[in-house]
Amino acid sequence: MQNIYRYGEWPSIITADLLTAQTLRLSEPQALQDDIFWLETRPNEKGRNALVHLSAAGQRQDLLPEPHSIRTRAHEYGGSNYLVTARHIFCVLDADQRVYAIERANNKLTPLSPEGNYRYADFCWDEQRQGLICVREDHRITTSNHTNNSEQLKIEERSEIVAINLQGDVTILITGADFYSNPRLNPAGDKLSYLCWNHPQMPWDGSECFCADLHHSGELITQQLIAGSKTESIFQPQWSPAGDLFFVSDRNNWWNIYRYDFSQCSDEIICNTAAEFATPQWVFGMSTYGFLNKEEIFCCYSQQGQWQLATINIKHKTLHPISTSENFTQISGIFCHANKGYFLGASATTTSELFCCEHQKIKSLAKSSNVQIAEDEISLPQAVSYMTEDRETAHAFYYAPKNAQVIAPQNSLPPLIVMCHGGPTGATEISLNLKTQFWTNRGFAVLDVNYRGSTGYGRKYRDRLKNNWGIVDVIDVCSGADYLIAQGLVDSHKIAIRGSSAGGYTVLAALTFCDTFKAGASLYGIGNLEALAKDTHKFEAHYLDSLIGEYPAAQEIYKARSPINHIEKLNCPVIFLQGLQDKVVPPNQAEAMVAALTNKGIKNAYITFPDEGHGFRQAENIKRAINEELAFYQSVFITNINTDTL
């Protein structure tokens, strides 16, 4: 029997405890022979990254005990934290950022890289020379950040590609660019490919793929530009088993796969289609394709915000989608070995799992969650496209309130939460997200917006945010809310907006410069663009140059678009949630907004987490954050709450 409850106060089985209970984040699958490895980020172990091994016999084990956590801080966001070889597993430990070797025969852990203020990532094994090649950030040595304005001279760590032998000796191979990634050796071991880019480019704006010839001693002989420029983004250069160099480029508006012909000094497109075979390179080691053999690529691609699996016949340049009963909507972490494709996949009704695909038959190897939610409790995403206020098209996914045990009073409409993804160069995911279902199961509608600037819709759509951050994204979230109001789907008096990091800036800008929303939640969001331009880490030090303008030349624009400078326009309640160890968006951003709102007498809340950085990793903090946010919305939108139903 269904009971009647008002929207926004439905009793729910999806509790804050459920968000972290038996819930993990899986990443970085690798395989060698019949052994399979991956990382598990465990909220209930203070967010540590555990390296898991699954043997051919089906036995699982953690290769390192607590409190060891495998995590690099390179670029702050990390990624590509470990590498499996025949004799060793090489990894970075979070505690000291050194490279360690784990002997596979006995799991003995030995430090490899020297002590010092370094960070390592993105490993490649050099079989001939018995050593590692990887990216290193040298935080002992600092250089200027290539700006021409002396007032903005910043001192930054140096990025380089290095070789490390098994005795721990380090040799610098390549240096000079602001950033490096993806060092990879060809099968013969005599060519090294890599990506690099310089300020103010981000890797999805413009990057270059080089190939260097190597002496038998490991020294570089010559270097050749293969592809890329300041306006062409190259992703995942990778050698095939046949010794050909492949890469992904967005030169035709879509991130498509290409092959370079060294004999002709030219490249050819392998799969020309209106789809994205890449995603913004926020972390090291991102992978969307691999080689099953010399003739076949195993890959994933995105169309209209939804990911699909496929194979590509290299000789015939034909794409063959893989039909699955799992109905994947999110796919990542492609890794191929011995004619098998490994990947992380999720659907609208299932959380992420590690799968193996062999001869197009798919087998689950590990799950991110053992939580079982009945499908009649799950709100499914509905793709919507709508006209914006400035007469362009934006995209989003709508989730209606859904709870099998409850019905709402007649002639009532649900409150709406508009979600802004981070980045801002990124995209929302439409796989099962219990944090989204936390809201819909309580009677909130959700609109998850892929505002202009998001990926998955081609480079032209992605570039619409250039010079327009704080304008078109704000138009798109407001237009999305207006679209649902016009459809009669939500209560126009109960519209909230939430977002984290860059999404938090869109939240604060929308609340300040528009009157669409009645409440907001900013999770480690940005209120002062000038402060961010002056005080952020190297990877994003010039990100705002393309999104807003070069600072300080465009200082007036920064001031005009910073919510903190227009607090007189912000007249609705806001909750701020902030990690006090955040180096990407420091706490002073939230604190300035809170102080201004408090002085103005506007309802607000400031929830801090002393042991969190940029994003919340620990179970208790994750639970507290969402419960505080729920209580805040209910205090704004709902009166006479029966606390037994929360």
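1. Helix axes are lines fitted to C-alpha atoms, taken for helices over the stretch in contact, and the angles between them run from 0 to 180 degrees between N-to-C directions. On that basis, helix H4 (residues 472–486) packs against helix H5 (residues 502–513) at an angle of about 75°, and their axes are 9 Å apart. Because angles of 65 to 115 degrees count as roughly perpendicular, H4 and H5 are therefore roughly perpendicular to each other. In this packing, H4 contributes Asp-473, Val-474 and Val-477, which meet Thr-506, Ala-509 and Ala-510 of H5.

2. The model is predicted, and confidence should be stated alongside the geometry. The average pLDDT of the protein is 94, and 96% of the residues score at least 70. Residues 146–152 stay under a pLDDT of 50; for this stretch the model has 12 contacts beyond four places in sequence. Residues 640–646 are also below 50, and the model gives this stretch 11 contacts beyond near neighbours in sequence.

3. The largest nonpolar core comprises 119 residues, and Trp-439, Trp-469 and Phe-517 are those with the most contacts inside it. Leaving aside residues up to four places away in sequence, Trp-439 touches Ile-417, Met-419, Phe-444, Val-446, Ile-626, Leu-630 and Tyr-633, together with Arg-498 and Glu-629. Another core, of 17 residues, lies apart from the largest one; Ala-74, Leu-173, Cys-196 and Phe-284 are among its members.

4. Strand S8 (residues 99–103) has 4 of its 5 residues buried, so this strand is largely enclosed by the rest of the structure. The relevant cut-off for burial is under 20% relative accessible area.

5. S8 has a pairing partner in strand S7 (residues 88–92): the two run in the antiparallel sense over 5 bridges. Within this pairing, Ala-101 of S8 stands opposite Phe-90. The hairpin of S7 and S8 has 6 residues between the strands, and Gln-97 takes a positive phi near 65° there.

6. S8 also pairs with strand S9 (residues 109–111), in the antiparallel sense and over 3 bridges. Here Tyr-100 has Pro-111, in S9, as its bridge partner. In the hairpin of S8 and S9, 5 residues lie between the strands, and Asn-107 adopts a positive phi near 65°.

Key:
Residues are numbered from 1 along each chain as its sequence is written. This is a predicted model: local features need pLDDT of at least 70, side-chain atom pairs count only at pLDDT 80 or more; totals for chains, interfaces and linings use all residues. Side-chain values use heavy atoms; hydrogens and water are left out. pLDDT is the predictor's confidence in each residue, from 0 to 100. Contact means heavy atoms within 4.5 Å. A nonpolar core is a set of buried Ala, Val, Leu, Ile, Met, Phe, Trp, Tyr and Cys residues joined through side-chain atoms within 4.5 Å. Buried means under 20% relative accessible area, exposed over 50%, partly exposed in between (1.4 Å probe, protein chains only). Two strands pair if DSSP finds at least two bridges between them. Angles under 35 degrees count as roughly parallel, over 145 as roughly antiparallel, 65 to 115 as roughly perpendicular and the rest as oblique.
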